[in-house]
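Please open the structure in the viewer and keep the selection tool at hand. The stops below proceed from single residues to helix pairs and then to the chain as a whole.

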Amino acid sequence: MKINKANAYIYFVIFFLVYIGFYAILLLGINLKLPSITEIISIPIRMLILAFCVLLLLLNLKKIKWPNILFCYLIFSSLYFIRILIDYNQLKPLYINYSQLVLYYLTFSFIPFFIISIFSLNKQIIRFIYKGFFLSSLLFAGLASVLYGQYLGNVSRLASGIINDSVISPLILSYCSTLGIGVIIMYLIYNKVSFKAKLLSWVVIILNIIPFLLGASRGSIIALVLPFVIFMISKSSAKTFLKGIFLLIFFVIGLYFVDTYFEASLFERFLSIGEDIESGSSSSSRVIIWNYSWEQFLNNPFFGDKLQTNNIDIYPHNIILEILQSVGLVGFIPFMLLLIYSFRICYKVFRSFPQYSWIPVVFIQAFSQNLFSGAVYTASWFWITMALLIALNRFLKYEK
């Protein structure tokens with residue numbers, strides 16, 4: 001019993017720090033103007049996450065169960081490391097140091113994925129994981145509202161160049177608030193909570209709207225809506241589907257009016273995507289990067305080209321294109337098997353175990369986010385939630 005309780009607290013700490021909690025601490029550090037955010041916050045938190053993952057492994061060595069799908073991840077990771085080694089030996093230019101790239105992938109993806117996927121969950125652990133999400137979302141939304149709430153209605157999008165001060169990235173504001181809103185709403189729909197807990201949950205949702213509007217990220221709208229669309233498609237009842245569509249439309253319209261009232265630029269930026277692409281504005285630069293990345297894949301379709309995108313000193317900002325560009329179809333196949341397997345679990349949960357539907361929401365949002373920003377080696381939300389789905393699937397087999 002003591003080990004089971006210890007496991008629950010370990011999961012709580014890991015998932016608190018991996019997702020929104022990390023950025024809540026980062027948000028506080030930036031506004032306290034700490035001299036070196038990376039050394040004081042980022043590296044220690046990543047080491048702490050790894051320490052708790054190792055502790056989880058040591059406490060549960062006898063409970064290890066190897067999922068078959070793990071071999072697809074090991075194959076993909078091996079090919080990714082081989083690509084890193086080839087580019088390094090051929091002295092190909094890279095936007096960061098090669099040793100940093102390896103370290104990031106090991107700490108953001110490989111080690112946590114491996115450890116989390118080989119253990120099963122239970123109801124207590126799942127409950128503690130949600131508490132980690134909820135508490136971190138409350139902390140982030142509260143800090144963001146206190147520190148940046150004054151700018152709502154005064155600036156269209158919060159950025160250092162606009163307010164002449166050091167602020168956290170608007171993408172962080174957008175995606176952290178989106179994750180908090182999506183997870184909490186889905187949890188409230190299918191889980192019984194007390195009146196006080198429900199009231200506090202809605203307070204957190206409302207607070208998250210502030211950084212959501214200030215971040216004004218186009219991708220965050222897709223990340224917020226996509227899980228609920230997939231959820232409604234997964235439900236067989238036409239009545240449930242129509243009810244969900246109505247509520248979703250109502251929510252989006254309400255959010256649009258709030259966005260208009262505070263003169264934020266969230267929907268304006270989203271609706272102007274086509275115009276930006278046609279005019280070639282800086283906000284459409286991702287489309288240019290995607291074109292370069294796609295050309296690299298077409299020129300080297302089987303084994304990929306290299307890690308860095310041609311003509312630009314950066315990664316593709318799209319996890320699908322980045323994998324095609326770097327490891328080709330050979331690496332893309334095991335990745336797609338992982339992705340299909342994960343979405344099948346999401347469908348299974350949405351359809352038969354709706355009380356756990358907030359977990360697929362995290363995965364779908366993380367995947368959506370990495371279609372517009374982020375890189376393979378820093379996609380911690382995506383990889384770790386995929387591992388969580390694998391562990392959840394093993395638990396659901398026993399639950400069924």
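Select L242, which is found in helix α11 (residues 238-261); helices (H or I, at least four residues) and strands (E, at least two) are DSSP runs, numbered from the N terminus. With a relative accessible area of 57%, L242 is exposed; buried means under 20% relative accessible area, exposed over 50%, and partly exposed in between, with a 1.4 Å probe and protein chains only. Add M232 to the selection: the C-alpha atoms of L242 and M232 are separated by 8.4 Å, at 10 residues apart along the chain.

Before continuing, note that this is a predicted model, in which local features need pLDDT of at least 70 and side-chain atom pairs count only at pLDDT 80 or more, while totals for chains, interfaces and linings use all residues. Residues are numbered from 1 along each chain as its sequence is written, and side-chain values use heavy atoms, with hydrogens and water left out.

**Two loop residues with positive phi**

Move to L91, in the loop between α4 (70-89) and α5 (98-117). Its phi is near 55°, a positive value in a residue other than glycine. Most residues other than glycine have a negative phi. L91 counts as exposed, its relative accessibility being 72%.

Then select N311, located in the loop between α14 (285-299) and α15. Here too phi is positive in a residue other than glycine, with a value near 70°. The relative accessibility of N311 is 66%, so N311 counts as exposed.

**D305 and its surroundings**

Which residues does D305 contact, leaving aside its neighbours within four places in sequence? Select R83, D87, K92, Q296, N300, N310, Q325 and S326 to display them; contact means heavy atoms within 4.5 Å. D305 itself is found in the loop between α14 and α15. Because its relative accessibility is 15%, D305 counts as buried. For one of these contacts, draw the C-alpha to C-alpha line from D305 to Q325: the two are 20 residues apart in sequence and 5.8 Å apart in space.

**L50 in α3**

Next, centre the view on L50, in helix α3 (residues 37-59). Is this residue buried or exposed? L50 counts as buried, at 12% relative accessibility. Not counting residues up to four places away in sequence, L50 touches T107, I111 and P112. The C-alpha atoms of L50 and I115 are 9.8 Å apart in space, with these positions 65 residues apart in sequence.

**Helix pairs**

Two packed helices are described by the angle between their axes and the distance between the axes. Axes are lines fitted to C-alpha atoms, for helices over the stretch in contact, and angles run from 0 to 180 degrees between N-to-C directions.

Select α8 (residues 170-190) together with α9 (residues 195-215): they pack at an angle of about 155°, with their axes 8 Å apart. α8 and α9 are therefore roughly antiparallel to each other (angles under 35 degrees count as roughly parallel, over 145 as roughly antiparallel, 65 to 115 as roughly perpendicular and the rest as oblique). Their crossing is left-handed; a crossing is left-handed if the near helix is turned anticlockwise from the far one by less than a right angle, and right-handed if clockwise. The residues of this contact divide into 14 nonpolar, seven polar and one charged; Ala, Val, Leu, Ile, Met, Phe, Trp, Tyr, Cys and Pro count as nonpolar, Asp, Glu, Lys and Arg as charged, and the others, Gly among them, as polar.

Keep α8 and replace α9 with α2 (residues 20-31): the axes of α2 and α8 come within 10 Å and cross at roughly 140°. That makes α2 oblique to α8. I20, Y23 and L26 of α2 make the contact with I172, C176, L179 and G180 of α8.

Now select α10 (residues 218-234) and α15 (residues 319-352), which pack at an angle of about 65° with their axes 9 Å apart. This crossing is right-handed. P227, I230, F231 and S234 in α10 meet F343, Y347, F350 and R351 in α15.

**The whole chain**

Finally, select the entire chain, which has 17 helices and zero strands. Of its 400 residues, 53% are buried.
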